[in-house]
Amino acid sequence: SESPVSQESFELAEKELDKYQKSYRHSEWKWKYGYRILLGISALLTTSSVLVGKLEYLNSAASSDIAALLAGLATLVTTLIAAFNFESNWINNKKSRVEVQALMLETKKSEANPDRILSQLQQVIRQKGNTDVNPPD
């Protein structure tokens with residue numbers, strides 16, 4: 001039978017894994033949908049600028065200004081997507097979440113070692129490049 005300390009170690013490891021898995025899932029969701037929404041906005045702004053510039057019944061001095069403004073906004077949104085690495089952050093959080101899920105399964109094995117599992121969690125955190133010294137809430 002397991003000692004209470006060993007069971008406590010497993011509970012601690014499982015709690016930490018669960019905390020990071022939830023954090024990575026939440027971050028993955030935010031980056032994924034932020035990326036998709038901003039990409040859609042950029043596409044709509046680009047399309048709108050072309051339409052405003054080409055529609056003959058809007059052929060006025062203001063239509064070229066509006067088209068330029070829409071094109072500029074589309075460029076700004078696209079620049080924000082690139083500057084904040086939305087797609088890379090989404091993929092990195094997804095990979096980290098999957099690695100943590102694998103570690104969660106590791107805790108269920110009969111020969112599982114809580115210290116080794118926590119060391120592997122540290123590697124996941126380091127690989128992700130997490131510079132936040134505070135663990136996720």
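Which side chains meet in a salt bridge at 3.1 Å, N to O? Select Glu 16 and Lys 19 and you have the pair. We will come back to these two shortly, after a look at the whole chain.

**The whole chain**

Keep in mind as you go that this is a predicted model. Switch to a cartoon view and follow the chain from its N terminus: the pattern reads α-α-α-α, with four helices and zero strands. If you colour the 137 residues by burial, 27% of them count as buried. Now show contacts between residues at least 6 apart in sequence: 78% of these join residues at least 24 apart. With a surface switched on, the accessible area of the chain comes to about 9400 Å², and carbon and sulfur atoms account for 57% of that area.

**Stop 1: salt bridges of helix 1**

Return to Glu 16 and Lys 19. Both are in helix 1, and because they are three residues apart there, about one helical turn separates them. Lys 19 is partly exposed, with a relative accessible area of 22%.

Next, select Asp 18 and Lys 22. Here is another salt bridge, with the closest N and O atoms 3.1 Å apart. This pair is four residues apart in helix 1, so the separation is again about one helical turn. How exposed are the two partners? Lys 22 counts as exposed, at 52% relative accessibility, while Asp 18 is partly exposed at 27%.

While you have charged side chains on display, add Glu 106, Lys 109 and Arg 116: salt bridges that share partners join these three into one network.

**Stop 2: a bridge between distant parts of the chain**

Select Glu 14 and Lys 108. Their salt bridge has its closest N and O atoms 3.2 Å apart. Where do the two partners sit? Glu 14 belongs to helix 1 (residues 4-54), whereas Lys 108 lies in the loop between helix 3 and helix 4, so the pair links parts of the chain 94 residues apart. Glu 14 is partly exposed at 27% relative accessibility, and Lys 108 is exposed at 62%. In total, the chain has six salt bridges.

**Stop 3: the largest nonpolar core**

Hide the charged side chains and select Phe 10, Leu 17, Tyr 20, Tyr 24, Val 100, Leu 103, Ala 112, Ile 117, Leu 121, Val 124 and Ile 125. These 11 residues make up the largest nonpolar core. Colour them by helix: helix 1, helix 3 and helix 4 each supply at least two residues of this core.

Now centre on Val 124. What does Val 124 touch, leaving out residues up to four places away in sequence? Its contacts are Tyr 24, Ser 96, Glu 99, Val 100 and Leu 103.

There is also a second, separate core, made of 10 residues. To find this second core, pick Tyr 35, Ala 74, Ile 81 and Trp 90, which are among its members.

**Stop 4: Gln 120 in helix 4**

Move on to Gln 120, which is found in helix 4 (residues 114-128). Is Gln 120 buried or partly exposed? It is partly exposed, with a relative accessible area of 28%. Draw a C-alpha to C-alpha distance from Gln 120 to Leu 103: the two are 7.7 Å apart in space and 17 residues apart in sequence.

**Stop 5: helix 2, inside and out**

Select residues 61-83 to bring up helix 2. Helix 2 has 23 residues and reaches 33 Å from its first C-alpha to its last, close to the 33 Å expected. Which of its residues are buried? Ser 63, Ala 67, Leu 70, Ala 74, Val 77 and Ile 81 all appear on that list.

For the outside, show Leu 69, Leu 73, Leu 76, Leu 80 and Phe 84. Together they form a nonpolar patch on the surface, with about 460 Å² of accessible area. Leu 69, one of the helix 2 residues, counts as exposed at 54% relative accessibility.

**Last stop: Asn 85**

Finish just after helix 2, which is followed by Asn 85. What is notable in its backbone? Asn 85 has a positive phi of about 50 degrees although it is not a glycine. Its side of the picture is partly open to the surface: Asn 85 counts as partly exposed, at 43% relative accessibility.

Technical notes. Residues numbered from 1 in each chain as written. Predicted model: local features only at pLDDT ≥ 70, side-chain atom pairs only at ≥ 80, totals over all residues. Heavy atoms only, no water. Buried < 20%, exposed > 50% of the residue type's maximum accessible area, 1.4 Å probe, protein only. Contact = heavy atoms within 4.5 Å. Areas by Shrake-Rupley, 256 points an atom, 1.4 Å probe, with all protein chains shown as cover. Patch = residues over 30% accessible without salt bridge, like charges linked within 9 Å, V, L, I, M, F, W, Y side chains within 5 Å. Salt bridge = Lys/Arg side-chain N within 4 Å of Asp/Glu carboxyl O. Expected span 1.5 Å × (residues − 1). Core = buried A, V, L, I, M, F, W, Y, C linked by side-chain atoms within 4.5 Å.
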